[in-house]
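Colleague: I'm new to reading protein models, and I'd love some company while I look at this one. Could we go through it together?

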Amino acid sequence: MALIEMVMPKMGESIMEGTVLHWLKKVGDPIEQDESVLEVATDKVDTEVPATHAGVLKEILAQEGEVVPVGKAIAIISTGEEATKVTSIQAAAQSEVTVEAAVIEAQMQAIAAANQSYKLAQPMAGRFYSPLVLNIAKEENIAMQELEWIPGTGADDRVTKKDILQYLAQRKNEPAQGFTPTAAPETPTVAKQPASVASEPVSKPATSLNGRSEIIEMDRMRKMIAQRMVDSKRISPHVTSFVEADVTNIVFWRNRIKDDFKRIEGDSITFTPVFIEALVKAIKDYPMINVSVDGDKIILKKDINIGMAVALPTGNLIVPVIKNADQYNLIGLTKKVNNLAKRARENKLTADDLTDGTYTMSNVGSFGNVMGTPIIVQPQVAIMAFGAVQKKPAVIETPFGDSLGIRHLMFMSHSYDHRVVDGALGGMFVRRVADYLEAFDTNLKLF
């Protein structure tokens, strides 16, 4: 028999801890290698963590709701004879109770349908809901008012994925009508809570006394994002260089091929993959921008893994990573960009999608912003923001003299860590990206 420690895995770039949301297995359960054992939340993603070894879950070291640093043990897995013995015993027991369990489950569903006991006696306002739960609620058209009536089995009565799926299964037994929460029944005098319990603060936003402002408690994700931003500004002395690029060729080319691209590839082509392609070329020209810092050492990265900031429906940002971006052509980059962005907004990213980024880009132009000063994603040393493309009058140089014309121009903002990236390198890099964009071949054929 061997005892193996299962540790909190790395969940993403610069993420140093995760919160245990829910254990999917209990002590004594047999588990297969790569079988999901628990759900973990970070400031970026909620994900299921698979078992590192096959065996039996011997001990749980991290309880639900506990924040655990990356690399710390969260469970003990027993392998060998004990695992084989437990598996065979449980398999035999399972075969004996299958029919009985089915009957009991049917009875429980009937009882739930009859008395709707899966709803709370009164709503719980102000609870935290994970992005995963909110996404399921959105897909199933569950309003926030209805979410507040769902019982939660997680830490601090939070609604877990299992809770909302169980609620949805039981709700099917309701009559086909909208959700109309009834008023909570009056509590009999004899059932009133002690003063010490009743005086505890209610978990909901507090308003000011004059009613002119509202105090909103940060949720877990916002707290952690705030901490990451503060840490990055503390760690890296930020400097930002700006360049305005003429992207007229790219605009005309995209307008010409976008319909054919959609018809042939089934995907929309945006400016983002073109920007990423230019970044990759510039990184090859200036590899010292593709580094990280470890104390007084500079780590030069051979892989070119481009992170792209994606805005979520909640208003938060997440940065999935296109790994080995230099190995994709423009069609491949387009499909990777669209796939990652879609899965990010649907909260279907995995932990692996968020790791190992070496350089990050942000398309602030999608919000109508002409430029921005982005904050570096640690432990990277640079990040570039691409602003909105705008039509402007510009001087056009020709062999026959200068003239005025209408061009499509875009500001690019390059923030970099002045500990290891000097102004010369930071400025030349953003200028080189602009050069690649301005030299884009309008005759480029993708098919």
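Colleague: Thanks! Let me start with one residue: in which helix does Ile331 lie?

Modeller: Happy to help, and please keep in mind that this is a predicted model. The helix you want covers residues 330-345. Ile331 falls within that range, and the element is helix 9.

Colleague: Is Ile331 buried or exposed?

Modeller: Here we need a cut-off: a residue counts as buried when its relative accessible area is under 20%. Ile331 has a relative accessible area of 14%. That value is under the cut-off, so Ile331 is buried.

Colleague: Which residues is Ile331 in contact with, leaving aside its neighbours within four places in sequence?

Modeller: One of them is Glu265, which is 66 residues apart from Ile331 in sequence, yet the two C-alpha atoms are 8.5 Å apart in space. The full set of contacts, with those neighbours in sequence left aside, is Phe261, Glu265, Leu446 and Phe447.

Colleague: How do helix 7 and helix 9 pack, roughly parallel or roughly perpendicular?

Modeller: Trp253, Phe261 and Glu265 in helix 7 meet Leu330, Ile331, Thr334 and Lys335 in helix 9. The axes of helix 7 and helix 9 are 13 Å apart, and the angle is about 70 degrees. Angles of 65 to 115 degrees count as roughly perpendicular. Therefore helix 7 stands to helix 9 as roughly perpendicular.

Colleague: Let's move to another helix. Which residues of helix 10 are buried?

Modeller: Helix 10 runs over residues 423-438 and reaches 22 Å from its first C-alpha to its last, close to the 22 Å expected. Its buried residues are covered by elements including helix 7, helix 8 and strand 21. The buried residues themselves are Leu425, Gly426, Phe429, Val430, Val433, Ala434 and Leu437.

Colleague: Which element gives the largest share of the largest nonpolar core?

Modeller: That core has 56 residues, and Phe386, Met412, Phe429, Val433 and Leu437 touch the most other members. The largest share is eight residues, and it comes from helix 8.

Colleague: And why might nonpolar side chains gather like this?

Modeller: There is a general pattern to remember here. In soluble globular proteins, nonpolar side chains tend to be buried together.

Colleague: Which residue is the bridge partner of Asp246 in strand 21?

Modeller: Strand 11 and strand 21 run antiparallel and are joined by nine bridges. Strand 20 is also joined to strand 21 by nine bridges, and there Gln390 stands opposite Leu409. For Asp246, the partner in strand 21 is Leu409.

Colleague: Which strands stand at the edges of the open sheet with the order 5-4-2-7?

Modeller: This sheet has four strands with antiparallel pairing. Inside it, strand 2 and strand 4 are joined by four bridges, and Thr19 stands opposite Ala41 in strand 4. An edge strand has a single partner strand, so one side is left without a neighbour in the sheet. The two edge strands are strand 5 and strand 7.

Colleague: One last puzzle: in the open sheet with the order 1-8-6-3, which residue of strand 8 does Glu59 stand opposite?

Modeller: Strand 1 and strand 3 are the edge strands of this sheet, each pairing on one side only. Strand 6 and strand 8 run antiparallel and are joined by four bridges. Opposite Glu59, in strand 8, stands Ile76.

Note on methods: Residues numbered from 1 in each chain as written. Predicted model: local features only at pLDDT ≥ 70, side-chain atom pairs only at ≥ 80, totals over all residues. Heavy atoms only, no water. Pairing = 2+ DSSP bridges. Expected span 1.5 Å × (residues − 1). Buried < 20%, exposed > 50% of the residue type's maximum accessible area, 1.4 Å probe, protein only. Contact = heavy atoms within 4.5 Å. Core = buried A, V, L, I, M, F, W, Y, C linked by side-chain atoms within 4.5 Å. Axes fitted to C-alpha atoms, helices over the stretch in contact; angles between N-to-C directions. Parallel < 35°, antiparallel > 145°, perpendicular 65-115°, else oblique.
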